[in-house]
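Colleague: I am new to this structure and would be grateful for a close look at one part of it. Please choose a part, describe it residue by residue, and then set it within the whole.

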Amino acid sequence: LAIALRRLPGVAREHGLNVDHYTLLAAAAFAILVVTPEALFQPGFQLSFTAVVAILYLTPKAMWLVRWLPKWGGYAVVGTFAAQLATFPILAYHYGQAPIAGFGANLLAVPLASVVLVGGMSTCALGVCLPFLAPVAGWVTAVATRGMIGSSAAFASLRWASLEVGQPGP
């Protein structure tokens with residue numbers, strides 16, 4: 001959806017509107033809060049929007065740290081780090097923990113999640129259009145899902161995987 005809408009700010013400027021990524025993100029948050037105002041106090045809402053703001057704001061500013069990586073790899077590493085760093089206070093507040101191993105786990109989980117997403121959509125589409133191919137896409141999705149679960153379990157089993165930090169006050 002982001003790729004399909006990437007021209008939206010350009011189209012908006014052509015019509016005299018000032019729309020950027022932050023405005024679109026705020027509009028999405030507003031739409032959710034209109035329907036479900038209590039979402040503001042739920043960890044999922046807070047973590048999701050904080051992670052996206054961190055990726056949008058911090059990633060371009062910190063790309064110089066990984067200039068030796070290909071651009072796509074740099075964005076994956078820096079974006080993961082930015083999201084993880086920004087969500088630490090929310091995780092500490094709601095759960096009393098700082099998941100240190102999440103940095104490594106997410107470096108594996110992010111590309112695998114892309115495979116799961118595309119594989120799942122492909123399985124559904126093929127199930128309708130070419131049902132005999134759907135099991136192949138389903139198998140790819142299952143392998144990637146098992147990879148995500150396995151890598152998460154491996155990182156979570158590390159002794160230092162998560163630090164108990166206690167819940168800070170508001």
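**Helix H5 and its surroundings**

Modeller: Apart from its neighbours within four places in sequence, alanine 86 makes contact with Thr50 and Ala54. The model is a predicted one, and every value below was computed from it. Alanine 86 belongs to helix H5, which runs over residues 71–95, and this helix is the part I have chosen.

Let us begin with alanine 86 itself. Its relative accessibility is 25%, so it counts as partly exposed, since the buried class ends at 20%. The C-alpha atom of alanine 86 is separated by 9.5 Å from that of valine 52, although their positions lie 34 residues apart along the chain.

Threonine 87 is also a residue of helix H5. Here the relative accessibility is 8%, and threonine 87 therefore counts as buried. Beyond its neighbours within four places in sequence, it is in contact with Leu47, Thr50 and Ala51. Thr50 is thus touched by threonine 87 and by alanine 86. The side chain of threonine 87 also has a link to the backbone: it reaches the backbone oxygen of glutamine 84 at 3.1 Å.

The partners named so far lead to helix H4, which covers residues 43–62. Threonine 59 is part of that helix and gives a view from the other side. With a relative accessible area of 3%, threonine 59 is buried. Leaving out residues within four places in sequence, its contacts are Ala54, Tyr75, Val78, Gly79 and Ala82. Ala54, in turn, is one of the residues that alanine 86 touches. Like threonine 87, threonine 59 has a polar side-chain atom placed by a backbone oxygen, in this case that of isoleucine 55 at 2.9 Å. A general feature of helices helps in reading such pairs: an α-helix has 3.6 residues a turn, so residues three or four places apart point the same way.

A second set of contacts links H5 to helix H6, which spans residues 102–129. Phenylalanine 103 sits in H6. Not counting residues up to four places away in sequence, phenylalanine 103 touches Thr80, Phe81, Gln84, Leu85 and Phe88. Gln84 is also the residue whose backbone oxygen is reached by the side chain of threonine 87. The C-alpha atoms of phenylalanine 103 and valine 77 are 8.9 Å apart, while 26 residues separate the two along the chain.

The end of the chain also returns to this region. Valine 165 is located in the segment after strand S2, which comprises residues 163–164. Its contacts, apart from neighbours within four places in sequence, are Ala92, Gly96, Gln97 and Ala98. Valine 165 and alanine 98 are 67 residues apart along the chain, yet their C-alpha atoms are separated by 6.6 Å. Valine 165 counts as partly exposed because its relative accessibility is 44%.

From H6 one may continue to helix H7, which covers residues 134–156. The buried residues of H7 are Ala134, Ala137, Thr141, Ala144 and Ser151, and they pack against H6. Alanine 134 serves as an example: its relative accessibility is 12%, so it is classed as buried. It touches Thr123, Leu126 and Gly127, residues up to four places away in sequence being left out. H7 also contributes 4 residues, the largest share, to a nonpolar surface patch. That patch measures about 710 Å² and includes Val115, Phe132 and Val143 among its residues. Valine 143, which lies in H7, is partly exposed because its relative accessible area is 36%.

Finally, the setting as a whole. The protein contains 7 helices and 2 strands, arranged along the sequence as α-α-α-α-α-β-α-α-β. Of its 170 residues, 25% count as buried, threonine 87 being one of the buried residues. Among contacts between residues at least 6 apart in sequence, 59% join residues at least 24 apart. The pairs described above show how H5 takes part in contacts across the chain: alanine 86 with Thr50 and Ala54, and phenylalanine 103 with Thr80, Phe81, Gln84, Leu85 and Phe88.

Methods: Residues are numbered from 1 along each chain as its sequence is written. This is a predicted model: local features need pLDDT of at least 70, side-chain atom pairs count only at pLDDT 80 or more; totals for chains, interfaces and linings use all residues. Side-chain values use heavy atoms; hydrogens and water are left out. Contact means heavy atoms within 4.5 Å. Buried means under 20% relative accessible area, exposed over 50%, partly exposed in between (1.4 Å probe, protein chains only). Patches are made of residues with over 30% relative accessible area and no salt bridge: like charges are joined within 9 Å, nonpolar side chains (Val, Leu, Ile, Met, Phe, Trp, Tyr) within 5 Å. Accessible areas come from the Shrake-Rupley method with a 1.4 Å probe; for residues, only the protein chains shown count as cover. A salt bridge is a side-chain nitrogen of Lys or Arg within 4 Å of a carboxyl oxygen of Asp or Glu. A polar contact is a pair of N or O atoms within 3.5 Å; within protein, one must be able to donate a hydrogen and the other to accept it, and residues adjacent in sequence count only if both atoms are side-chain atoms.
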